[in-house]
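Reader: I am new to protein structures and would like to learn how to read the empty spaces and a few local features. Could you take me through them with the structure shown here?

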Amino acid sequence: MATAKLTRLPSIRDRVEDTLSAHRNELISLLSRYVAQGKGILQPHHLIDELDSIIGDDKANLSLTNGPFGEVLKSAQEAIIVPPFVAIAVRPRPGVWEYVRVNVHELSVEQLSISEYLRFKEELVDGHVCDPYMLELDFEPFNATFPRPTRSSSIGNGVQFLNRHLSSIMFRNRDSLEPLLDFLRAHKHKGQVMMLNDRIYSIPRLQSALTKAESYLSKLPADTPYNELEYDLQGLGFERGWGDTTGRVLEMMHLLLDILQAPDPSTLETFLGRIPMVFNVVILSVHGYFGQANVLGLPDTGGQIVYILDQVRALENEMLQRIKQQGLDVTPRILIVTRLIPDAKGTSCNQRLERICGTEHGHILRVPFRTEKGILRKWISRFDVWPYLETFAEDAASEIVAELQGVPDLLIGNYSDGNLVSSLLALKMGVTQCTIAHALEKTKYPDSDIYWKQFEDKYHFSCQFTADLIAMNNSDFIITSTYQEIAGTKNTVGQYESHTTFTLPDLYRVVHGIDVFDPKFNIVSPGADMSIYFPYSEKEKRLTALHGSIEKLLYDPEQNDEHIGTLSDPSKPIIFSMARLDRVKNITGLVESYAKNTQLRELANLVVIAGYNDVKKSNDREEIEEIEKMHDLVKKYNLDGQLRWISAQTNRARNGELYRYIADRRGAFVQPAFYEAFGLTVVEAMICGLPTFATCHGGPAEIIEDCASGFHIDPYHPDKVASLLADFFHRCKEDPNYWEKFSKAGIQRIQERYTWKIYSERLMTLAGVYGFWKHVSKLERRETRRYLEMFYILKYRDLVKSVPLANDEEH
């Protein structure tokens, strides 16, 4: 019987060389086609299109596409052409990359290191002079001994991996239980000792005390309040924090006894998640108009605001419940720290402190942007905030400490600017830091790294990408809404993954920027506010009093600042979309695809809620371009009678009822963005019962199960999008049950997977586990942070000087 042998998998270089030997002419033909296109970057579809064009019916060519080189091309993410060279970046699976270069003239193949590949890529930039001493960023040495998973399927499950790792160490080495003891002994809140007092100073002593406490508590009724146990437990070495009743205290002590005897990941996570650690939370969201009313649709002000406000309400409920169950008498505080804008455009953004509706202890704390010339009064774009953030962080630190009478227990940053400020505060205060990107701009703007100078005057990406790298690496844990946000799909690169390696020519190269396998990554999906967004079929909760204003919004023939365009046949179902009016959201793309499809125009009306309809009202460069494009499309395709363009709506209660009103009329929701990190409007539309068509690029592809709970659409193929919609409405006309099927499936999907309760429970557990991990891995984190401080001071500060300060008179 033959013995199976382990063989080494061939490298990318081996596969190319094998193909050169077996299919020399075919490969030369293909590579020559690439080189003939001249210096530049070829995207995956370009590579495959050229391969398909040479195949034909020739068997030799078919074997090329089905052979090793065909597999290389199918996993290629880009090819750099600098004749006679073709360098290919190959991604066999999410998070794993290899680089190979072929000299088409000499038919030689070489494997490239990351640094060599980036150096070669820089040759694309006209006028670039190769600097042998260009700064290279490499965080890998700091993480060389750091535990991390290796399977792509484990990406985004960082806390589970960390718990397995920690429990394994504790099981193998009893001395490693000491940090857990130190962690419990160090627990205090405003001078009040919690969990353990000085009577317990060693692991044997802890085990003995737990055994005595277990014997004492097991004789008492499970609902005995903690007040009646406190004196006896203090004598054994236990302070408040274990629970509010005998039953809960016993349960917590059993968890710790299990960990001390035979630790396992699940028990460890449950125990660490229940330790009272988080009482004061600070959430950073700097740019835009952060308020509770009249802000949605204003520049840089969209789903992120809704996300954070809903997050705060859910988080406070979870904190209050946990504090009660822990037997503590502590009042939690949550502060959203944002920019104070004196010229607030009729919003509350000029108020320093504002209570958050629906909370008892949540407030918005606003701090102005300040320079030597004084306070900046007006809104500025998120792309222009960088010169203000360091002073903002210093001012915010003082305001936070004054408001909380101490430092917070958890910092949560949002978007690039909020995450940089969060990093500066975490360094200053020594607090656990959580990062939420929402959307990293690098993936929204193709080639914005290699050609960063072309984008710099408008977007200042050099500052933003630098800030992102600092925040990602400084953070204790990172929350994303989807897997795709971290590591993309089999065929697309994730937002965070795009920061693994890249170059900003003449500035610096990123050799190892972030590792998507890092256990700091966790997928925690948000939900919709179920008090506002609920199924259209729940008649008793419907806001029928709003139907008059909704009908006016949709059908009133008057043309004004709020709405333009008319719907001449109100009996037709509505295709509905709602988003900011910017290039990436692609509202104009949806309008154009609708306009070009005659069948779709006959079957349904189109209603979009987006931005302003008057360029004079906008200060946002991108929005102004999209407004002008919308007006051009309306005229070009004669859309009046079939299109209603409504300006941004800030009344969330009415927006929720609008979804349901459109569902009553058997409409559908479309989210056509070129990229969407998550897609809150997708969740809102689905839970209200609207069949939903959403972009396949980003989070919606995970929210929706294609052709089951909705439909995936590719905005890069607008004709197919329009055809899919036309087919849907045609089938619904023939069979009303077809609409019902997708409506019910969408509602069920959201109820099972996307709720704020699940989110807040998970976030609090993560804060506990990563708070403990921060405690036991101080040294490693300190080395990384010193490196980041140097990068911040020597590079980021310099870049910021190139961003012009805003002038209030210009707005």
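Reader: How do the residues of the lining of the second largest cavity divide into nonpolar, polar and charged?

Author: Let us begin with the general idea, which is that rolling a probe the size of a water molecule over the atoms shows where empty space is left. The model in front of you is predicted, and in this model the lining of the second largest cavity divides into seven nonpolar, five polar and six charged residues. The space in this second largest cavity is about 190 Å³. It is lined by 18 residues, and those closest to its centre are Phe146, Ser475, Asp518, Lys520 and Arg781. At least two lining residues come from each of helix H7 (140-143), H30 and H31.

Reader: How many cavities of 30 Å³ or more does the count come to, and how much space lies in the largest cavity?

Author: The count comes to seven cavities of 30 Å³ or more, and about 810 Å³ of space lies in the largest cavity. Its lining is made of 45 residues, with Gly302, Gly303, Gln304, Arg580 and Lys585 nearest the centre. Helix H14 gives the most to this lining, with five residues, while the lining by class holds 19 nonpolar, 16 polar and ten charged residues.

Reader: Turning to pockets, how much space lies in the largest pocket, and which residues are the closest to its centre?

Author: About 1,400 Å³ of space lies in the largest pocket. Its lining has 46 residues, and the closest to the centre are Gln43, Pro44, Gln77, Thr492 and Val493. Several elements each supply at least two residues of this lining, including helix H3 (44-55), strand E2 (76-82) and strand E4 (96-103). By class, the lining of the largest pocket contains 18 nonpolar, 17 polar and eleven charged residues.

Reader: Which element gives the most to the lining of the second largest pocket?

Author: That element is H31, with six residues, in a pocket where about 850 Å³ of space lies. Among the 35 residues of its lining, Asp409, Gly430, Val431, Thr432 and Lys774 lie nearest the centre.

Reader: How many disulfides does a search of the whole structure find?

Author: In general, a disulfide is a covalent bond between the sulfur atoms of two cysteines. Here, a search of the whole structure finds zero disulfides. Take Cys357, whose nearest cysteine sulfur, that of Cys349, is 14 Å away.

Reader: Why does Cys707 have no bond to the closest cysteine sulfur?

Author: Cys707 has no such bond because its sulfur is 12 Å from the closest cysteine sulfur, in Cys696, which is too far. As for accessibility, Cys707 counts as partly exposed at 47%, whereas Cys357 is exposed, with a relative accessible area of 52%.

Reader: Is Asp300 buried or exposed, and what is its phi?

Author: Asp300 is buried, with a relative accessible area of 8%, a value to be read against the cut-off of under 20% for buried. Its phi is near 60°, a positive value in a residue other than glycine, and Asp300 lies in the loop between E9 and H14. Asn294 also has a phi near 60° and has its place in the loop between strand E9 (280-284) and helix H14 (303-325), but Asn294 is partly exposed, with a relative accessible area of 46%.

Reader: What is the omega of the peptide bond from Pro83 to Pro84, and where is the place of Pro84?

Author: Omega is near 5° there, and the peptide bond from Pro83 to Pro84 is cis. Pro84 has its place in the loop between E2 and strand E3 (85-93).

Note on methods: Residues numbered from 1 in each chain as written. Predicted model: local features only at pLDDT ≥ 70, side-chain atom pairs only at ≥ 80, totals over all residues. Heavy atoms only, no water. Disulfide = S-S within 2.5 Å. Buried < 20%, exposed > 50% of the residue type's maximum accessible area, 1.4 Å probe, protein only. 1 Å grid on protein atoms, 1.4 Å probe; cavity = no way out; pocket = protein on both sides within 12 Å on 5 of 7 lines; lining within 4 Å. Points joined across faces, edges and corners; volume = space filled by probe spheres on them. Helix = DSSP H or I, 4+ residues; strand = E, 2+ residues; numbered from the N terminus. Nonpolar A, V, L, I, M, F, W, Y, C, P; charged D, E, K, R; others polar.
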